[in-house]
Amino acid sequence: MSAAGQSDDIDWWGTLSDPAFLENPYPELHRLSARGPVQFDPASGIWFILGHKAFSKVLKSQSFGRDTRNWAGGWTTEDYKKADPVGYELFSTFQPQMINCDGPEHRRMRAVYEPAFRSQAMADVVPIIEAEAAALLDAMPDEGEADFITAFAAPLPLRVLCELFDLSAGTDARVARWSASLIRIGDILMTPEQKQEALDALSEFKAFLKECLAAADPASARNFMALALKARDDGTLDEEESLTNLISMLIAGHETTVTLIGNGMLILLRNPEEMARLRAEPALMRTAIEEFLRMEPGGNMILRVALEDVEVEGTVIPKGAPVLGLIGAVNRDPARFDVPDDLDIARPANAQLTFGGGAHSCIGAPLARLEAQIAFSAFFEKYDTIELAGAPEWRLDRLNARGLAKLPVHLGAAK
Ligand code: HEM
């Protein structure tokens, strides 16, 4: 390290995209964290935060925002437009949504969907999630081998979201395809082909949702769709904002939750004594899910932009600089978590930062937690034994969303 926080001897993006890192990032993240909680990559101009205390401070601070239009030399500048017209078009078309805005603009958009996540609304969606989980379990064998991801973890959150948005089961595959292309925006570093694919997905997704909004009847619409129509009709959101926020909600709520359920099951399969403990003490389900979120956060990068020169843990981050919290490191910071690489389904005061924090903290966290609780409970009820039946396969085609492509399991029926 040549200056305070500056790591010009590390190929950051080479490391973050290395297949070995994507298979198991934690040993490397521990090595990087040992160099300091705040580090600068001169090659990309990005500040990486690896410490829990440092990133908690960033998330709470008014000196950081999430609006990338404040990123000096970032995606919205004229220079970037000339250098990368496809990237420029992608990021500017995807701009008008809550995650990309700060202050009153952000609050106006976020307020549209907040009622959908209040406790009564969550109680109302329990039967929807239970029915979708039951339908998937009915279609699975009573015993034998199955792929936990394709048979259960992947379709469940997608089905639930499509139900909440009044989208028919026939649209699941298209929504999943668009979502898979667009989730890569969270990778920050995308190839030209990935940007073009995401741009194409964005325009198809928008055209599809525009038709859905036009066809929907505000008198009979339910859940999220009812909120989207109300915001359109009372002028809270213009058409671009309505469509972009809808798309964002469908992407943000889909693979992240697949990852929580899939990665959570893998963690239990690798710790059979903790799986047995959870079965014996179902009251631990809530803390177990917090622990899955801590150990395998799925989304490994959370972005902020410095709105002024600001000191974090002794390092000054300049105004306009992009900052990436590496959540896989933050959630396993030994200064904050005892034996951070070990699973403890009853871990007390689990301050994992998987849902971010501050004004932008994940609006869908209550839904994700509820889906995971119902998913694990329903699966345990149907199967008495669940064991690994082969090597799990990680998706290696994304830098941010860390999830499984396959999780072969051997299932034994409940008596
Ligand atoms: C395990 C599942 C999930 C994870 C790990 C996750 C993670 C995140 C993270 C890291 C952020 C950014 C927080 C920040 O910048 O501080 C976020 C924001 C967001 N999430 Fe989630 N999310 C999940 C599920 C969901 C669900 C189910 C929905 C909706 C159906 C959703 C909708 C959103 C939206 C709309 C935002 C933007 C909030 C804002 O900017 O105010 N997420 N999520």
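## A tour of two sheets, an iron site and a cavity

Start by selecting Gly 144, whose bridge partner in strand 12 is Leu 411. You are looking at a predicted model, in which local features need pLDDT of at least 70 and side-chain atom pairs count only at pLDDT 80 or more, while totals for chains, interfaces and linings use all residues. Residues are numbered from 1 along each chain as its sequence is written, and side-chain values use heavy atoms, with hydrogens and water left out.

**First stop: the three-stranded sheet.** Helices (H or I, at least four residues) and strands (E, at least two) are DSSP runs, numbered from the N terminus; two strands pair if DSSP finds at least two bridges between them. Colour strand 12 (residues 408–413) and strand 4, which pair in the antiparallel sense over four bridges. Add strand 9 to see the open, antiparallel sheet in the order 4-12-9. Strand 4 (144–147) and strand 9 (383–388) stand at the edges with a single partner strand each, so one side of each has no neighbour in the sheet. On average, neighbouring strands here are turned by 35° against each other, direction ignored. Now show helix 19 (residues 365–382), which packs on this sheet, touching strand 9 and strand 12, with its direction at about 105° to that of strand 9. Contact means heavy atoms within 4.5 Å; axes are lines fitted to C-alpha atoms, for helices over the stretch in contact, and angles run from 0 to 180 degrees between N-to-C directions.

**Next: the iron.** Select Cys 362, in the loop between helix 18 (327–330) and helix 19. Its SG is the single protein donor to the iron atom of the ligand, 2.3 Å away. Donors are N, O and S atoms within 2.8 Å of the metal (3.2 Å for Na, K and Ca); water is not among the atoms, so sites may look incomplete.

**Then: the five-stranded sheet.** This open sheet is mixed, in the order 1-2-8-5-3. Strand 1 (38–41) and strand 3 (64–65) are its edge strands, each pairing on one side only. Strand 1 pairs with strand 2 (residues 46–49) in the antiparallel sense over four bridges; pick Gln 39 and you will find it opposite Phe 48 in strand 2. Helix 4 (residues 52–60) lies across strands 1, 2, 3, 5 (301–306) and 8 (322–326), at about 60° to strand 5.

**Last stop: a cavity lining.** Select Phe 21, Trp 394 and Arg 398, which are among the residues lining the second largest cavity. On a 1 Å grid over the protein atoms alone, a cavity is a set of points where a 1.4 Å probe fits but cannot get out, and lining residues have an atom within 4 Å of a point.

Technical notes: 1 Å grid on protein atoms, 1.4 Å probe; cavity = no way out; pocket = protein on both sides within 12 Å on 5 of 7 lines; lining within 4 Å.
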